[in-house]
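Here is a set of questions and answers about the terms used to describe a structure, each value being held against its definition.

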Amino acid sequence: MKILGIDIGGTGIKAAIVDTLTGELLTERHRIPTPKPAKPKAVAKVIKEIVTHFDWKGPVGCCFPTIIVDGQCKHTGNMGESWMNLKVDALFKKECEENTFYVSNDADLAGLAEINFGAGKGVKGKVFVITFGTGIGSGLFYNGQLIPNVELGHIYHTNGEIIERYAADSVRKRESLSLKEWAKRVDAYLKHVKILHTPSMYILGGGISKKFDKFKEHLTVDVPVEAAKFKNNAGIIGAAIYASKKSK
Ligand code: BGC
């Protein structure tokens with residue numbers, strides 16, 4: 001099945017048409033910077049622009065960078081107060097009447113791509129797909145089954161801040177950390193999550209996963225760690241898979 005997948009992130013909104021039976025991108029990726037401020041109306045307009053760009057009439061899968069329950073935003077995350085309790089699927093539908101939207105958390109959907117076609121395929125036990133971008137997202141799968149909205153970017157570091165304010169990729173850039181310095185922060189975080197959850201595997205996603213070979217030597221956590229096979233496209237692919245399952 002062909003579906004339009006959209007990944008709404010803190011800095012960019014990325015989309016492509018995906019073959020949901022293989023996870024392959026069937027078009028070039030189209031990226032539009034996330035409006036600043038990222039108010040609902042402004043983001044909905046970008047969604048419309050993307051749907052128009054692909055001349056897309058069918059269902060649309062969408063990753064959203066905070067907690068989503070049944071299409072409704074349940075936490076402001078990095079998006080701002082105006083999203084709180086908003087039905088994001090209905091907001092986008094209002095802007096693009098010909099489409100139906102299926103919206104869910106970004107790390108959960110990136111994880112769907114990795115579990116179905118990527119690094120987590122067939123892995124038993126608990127697999128955590130941890131995405132590093134503006135924030136830290138976490139998708140939990142148990143024997144291939146998604147347990148949604150597990151927010152491991154929000155556990156507290158001993159410095160009193162939530163961990164994503166210490167180890168997200170945006171922090172690496174903001175504080176000009178070397179890959180090694182940043183990876184050491186990630187390593188400590190993965191070790192802590194290991195104590196809490198005893199995962200079978202970690203899959204690291206987000207744009208930084210492209211540099212995995214350059215920082216993996218600094219990860220000493222005693223759990224297999226792999227880069228997301230689909231790197232930064234995992235969200236787009238997972239969003240399309242999610243919409244294909246929901247629209248059946
Ligand atoms: C949000 C998560 C999201 C992650 C990555 C965090 O700030 O709480 O829901 O998955 O950012 O976008």
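What follows takes up the chain as a whole, then the ligand, and then single residues.

Q: How do you know what kind of model this is, and how are its residues numbered?
A: This is a predicted model, in which local features need pLDDT of at least 70 and side-chain atom pairs count only at pLDDT 80 or more, while totals for chains, interfaces and linings use all residues. Residues are numbered from 1 along each chain as its sequence is written, and side-chain values use heavy atoms, with hydrogens and water left out.

Q: What makes the radius of gyration of the protein chain agree or disagree with that of a compact globule?
A: The radius is taken over C-alpha atoms, and the globule rule is 2.2 Å times the number of residues to the power 0.38. For 248 residues a compact globule would come out near 18 Å, and the protein chain has 17 Å, so the value agrees with the rule. Along the principal axes, the C-alpha atoms fill a box of roughly 50 × 35 × 30 Å.

Q: How many helices and strands does the protein chain have, and what makes a run count as one?
A: Helices are DSSP runs of H or I with at least four residues, strands are runs of E with at least two, and both are numbered from the N terminus. The protein chain comes to eight helices and 13 strands.

Q: Which residues are around the ligand, and what makes them count?
A: A residue counts if one of its heavy atoms lies within 4 Å of the molecule. The residues around the ligand are Pro65, Thr66, Ile67, Asn78, Asn105, Asp106, Gly135, Ile136, Gly137, Glu151, His154 and Glu164. This shell divides into three nonpolar, six polar and three charged residues, where Ala, Val, Leu, Ile, Met, Phe, Trp, Tyr, Cys and Pro count as nonpolar, Asp, Glu, Lys and Arg as charged, and the others, Gly among them, as polar.

Q: Why is the ligand said to lie between domain 1 and domain 2?
A: Domain 1 (2-108 + 234-246) and domain 2 (122-228) both give residues to the shell around the ligand, and therefore the ligand lies between them. The domain bounds come from an automatic or database domain assignment.

Q: What makes the pairs between the ligand and Asn105, Asp106 and Glu151 polar contacts?
A: A polar contact is a pair of N or O atoms within 3.5 Å; within protein, one must be able to donate a hydrogen and the other to accept it, and residues adjacent in sequence count only if both atoms are side-chain atoms. An oxygen atom of the ligand is 2.9 Å from an N or O atom in the side chain of Asn105, and for the side chain of Asp106 the corresponding distance is 2.5 Å. A polar side-chain atom of Glu151 also lies 2.5 Å from an oxygen atom of the ligand. Taken alone the ligand exposes 310 Å², of which the protein buries 94%, with accessible areas from the Shrake-Rupley method and a 1.4 Å probe.

Q: Why is Ser209 called buried?
A: Buried means under 20% relative accessible area, exposed over 50%, and partly exposed in between (1.4 Å probe, protein chains only). Ser209 has 2%, so it is buried. Ser209 sits in the loop between strand S12 (201-205) and helix H7 (212-215), and its side chain reaches the backbone oxygen of Gly206 at 2.5 Å.

Q: Why does Leu86 count as partly exposed?
A: The relative accessibility of Leu86 is 24%, and therefore Leu86 counts as partly exposed. Its place is the loop between strand S7 (72-73) and helix H2 (88-95).

Q: What is the sign of phi in Asp70 and in Asn85?
A: Phi of Asp70 is near 50°, a positive value in a residue other than glycine, and phi of Asn85 is near 70°, likewise positive in a residue other than glycine. Most residues other than glycine have a negative phi, and most peptide bonds are trans. Asp70 is exposed, because its relative accessible area is 66%, whereas Asn85 at 42% counts as partly exposed.

Q: What is the form of the peptide bond from Lys36 to Pro37?
A: That bond is cis, with omega near -5°, and Pro37 lies in the loop between strand S4 (30-33) and helix H1 (40-53).
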